[in-house]
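Me: Please take a close look at one part of this model for me, namely the parallel sheet that has a helix packed on it, and then place that part among the other elements of the chain.

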Amino acid sequence: MDDCIIIGAGPAGLTAAIYLARFHLSIRLFDAGDSRAALIPTSHNHAGFPDGVGGTELLARMLEQAELYGAVREQAKVTALTVTDEGFAVRVGDRAYAARTVLLATGVVNHRPDIDPDLHDRALALGALRYCPICDAYEVTDQSVGVIGTGDHGTQEALFLRGYTKNVTLIAPGAEHMLDEACAAKLDEAGIVRVDGPCGGYALDGERLALDTARGRMTFDSVYPALGSRIRSRLAVAAGAKADKDGCLEVDHHQRTSIPDLFAAGDVVKGLDQISNAMGQAGVAATTIRNLLDDQRPIRR
């Protein structure tokens with residue numbers, strides 16, 4: 001039986017792996033291979049990298065550090081999580097593994113616009129398509145920015161970006177905007193242009209992204225989809241863990257879920273979806289796991 005199984009190898013999962021391996025605990029790390037951090041072309045928010053660091057490079061460095069202390073990542077999808085008398089059973093295909101504790105670090109998946117996958121990735125690499133204003137709105141300062149979204153979520157994202165540039169356009173993903181009077185008033189006061197959709201016909205125009213709208217063809221330096229996301233908490237919820245209406249797992253200040261010995265860290269938990277936050281939560285969770293298991297560990301001689 002393992003001391004801990006970590007599900008997810010993004011910044012939270014890898015940070016936990018580094019801590020737990022250095023605590024001399026026996027761990028397994030399962031990774032479906034689709035961390036959202038891998039989609040970051042360059043992060044300038046991560047402390048210690050003044051020239052920025054790519055998401056894939058950061059993940060590779062973190063994995064290398066975890067492996068240095070004995071952690072082993074297996075690229076595999078966990079299909080079920082079950083509470084047992086001794087802890088947990090974690091199923092991967094036709095295999096099952098037992099663990100005293102489990103740390104869920106499965107993150108979220110952004111809802112994408114209807115865009116060709118290859119074009120999506122090229123636009124992302126160029127910075128013509130972006131998903132995180134907190135991460136990179138600084139890079140679009142004084143540029144032309146399109147936000148695909150509507151309602152309160154689209155309004156809030158457009159208003160956030162308005163703090164960086166006066167050239168912000170909110171484009172409805174469907175045929176028409178769905179805005180209440182309060183949202184419309186805030187957008188008007190900020191001078192944010194509203195354009196009906198539907199959006200389509202995405203293409204790169206040099207290093208800018210072009211798309212069709214009800215107003216015709218429009219081109220932007222950067223486009224932010226504000227279409228929401230899916231929280232990957234299904235495994236924990238199916239096992240009985242509490243989550244909010246959006247699917248974010250409820251945890252205490254030690255990252256403990258409502259199920260004893262089941263922990264969660266990173267974007268699967270409600271809070272600021274940032275690498276630094278995910279890493280901090282993982283450090284807290286890993287240390288709590290170590291202290292929890294301390295009485296069960298033999299004295300090293």
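Reply: What follows starts with that sheet and its helix and then moves outward to the other sheet, the other helix pair and two single residues. It should be said at the outset that this is a predicted model.

The part in question is an open sheet of 4 strands in the order 10-9-8-14, and the pairing within it is parallel. Strand 10 (193-195) and strand 14 (222-225) are its edges, and because each of them has a single partner strand, one side of each is left without a neighbour in the sheet. From one strand to its neighbour the turn is 25 degrees on average, with direction ignored. At the strand 14 end of the order, strand 8 (residues 145-148) is joined to strand 14 by 4 bridges, and these two strands run parallel. Within that pair, Ile148 is found opposite Pro225 of strand 14. Helix 5 packs on this sheet, where it touches strand 8, strand 9 (168-171) and strand 14, and the direction of the helix makes about 170 degrees with that of strand 9. An angle over 145 degrees counts as roughly antiparallel, so helix 5, at about 170 degrees to strand 9, falls in that class.

Helix 5 also has a helical partner. Helix 5 (residues 151-162) packs with helix 6 (residues 181-190) at an angle of about 20 degrees, and their axes are 10 Å apart. Helix 5 is therefore roughly parallel to helix 6, and the crossing in which helix 5 passes helix 6 is left-handed. On the helix 5 side, the contact is made by Gly151, Asp152, Thr155, Gln156, Ala158, Leu159 and Arg162, which meet Cys183, Lys186, Leu187 and Ala190 of helix 6. Sorted by class, the residues of this contact are 5 nonpolar, 3 polar and 3 charged.

Another pair of helices can be set beside this one. Helix 1 (residues 11-22) and helix 2 (residues 55-68) have axes that come within 8 Å and cross at roughly 20 degrees, and these two helices are therefore roughly parallel to each other. The crossing of helix 1 past helix 2 is left-handed. Helix 1 contributes Pro11, Leu14, Thr15, Ala17 and Ile18 to the contact, while helix 2 contributes Leu59, Met62, Leu63, Gln65 and Ala66. In this contact of helix 1 with helix 2 there are 8 nonpolar and 2 polar residues, and no charged residues.

There is also an antiparallel sheet to consider. It is an open sheet of 3 strands in the order 11-12-13, with antiparallel pairing. Its edge strands are strand 11 (200-205) and strand 13 (216-220), each of which pairs on one side only, and the twist from one strand to the next averages 25 degrees. Strand 11 is joined by 4 bridges to strand 12 (residues 208-213), and the two run antiparallel; in this pair, Leu204 has Leu209 of strand 12 opposite. Helix 3 (residues 117-126) lies across strand 11 and strand 12, and runs at about 45 degrees to strand 11.

Toward the start of the chain, strand 1 (residues 2-7) is joined to strand 2 by 4 bridges, and these strands run parallel. Ile7 has Phe30 as its bridge partner in strand 2. Strand 2 (residues 27-31) is mostly covered, since 4 of its 5 residues are buried.

Gly8 lies in the loop between strand 1 and helix 1. With a relative accessible area of 10%, Gly8 is buried, because that value is under 20%. Apart from residues up to four places away in sequence, Gly8 touches Gly13, Leu29, Phe30 and Ala105. The C-alpha atoms of Gly8 and Ser35 are separated by 7.7 Å, although these residues are 27 residues apart along the chain.

Ala80, in strand 4 (residues 80-83), is partly exposed, with a relative accessible area of 27%. Its contacts, leaving aside neighbours within four places in sequence, are Ala89, Val90, Arg91 and Leu235. Between the C-alpha atoms of Ala80 and Met178, which are 98 residues apart along the chain, the separation is 38 Å.

Terms used. Residues are numbered from 1 along each chain as its sequence is written. This is a predicted model: local features need pLDDT of at least 70, side-chain atom pairs count only at pLDDT 80 or more; totals for chains, interfaces and linings use all residues. Side-chain values use heavy atoms; hydrogens and water are left out. Two strands pair if DSSP finds at least two bridges between them. Axes are lines fitted to C-alpha atoms, for helices over the stretch in contact, and angles run from 0 to 180 degrees between N-to-C directions. Contact means heavy atoms within 4.5 Å. Angles under 35 degrees count as roughly parallel, over 145 as roughly antiparallel, 65 to 115 as roughly perpendicular and the rest as oblique. A crossing is left-handed if the near helix is turned anticlockwise from the far one by less than a right angle, and right-handed if clockwise. Ala, Val, Leu, Ile, Met, Phe, Trp, Tyr, Cys and Pro count as nonpolar, Asp, Glu, Lys and Arg as charged, and the others, Gly among them, as polar. Buried means under 20% relative accessible area, exposed over 50%, partly exposed in between (1.4 Å probe, protein chains only).
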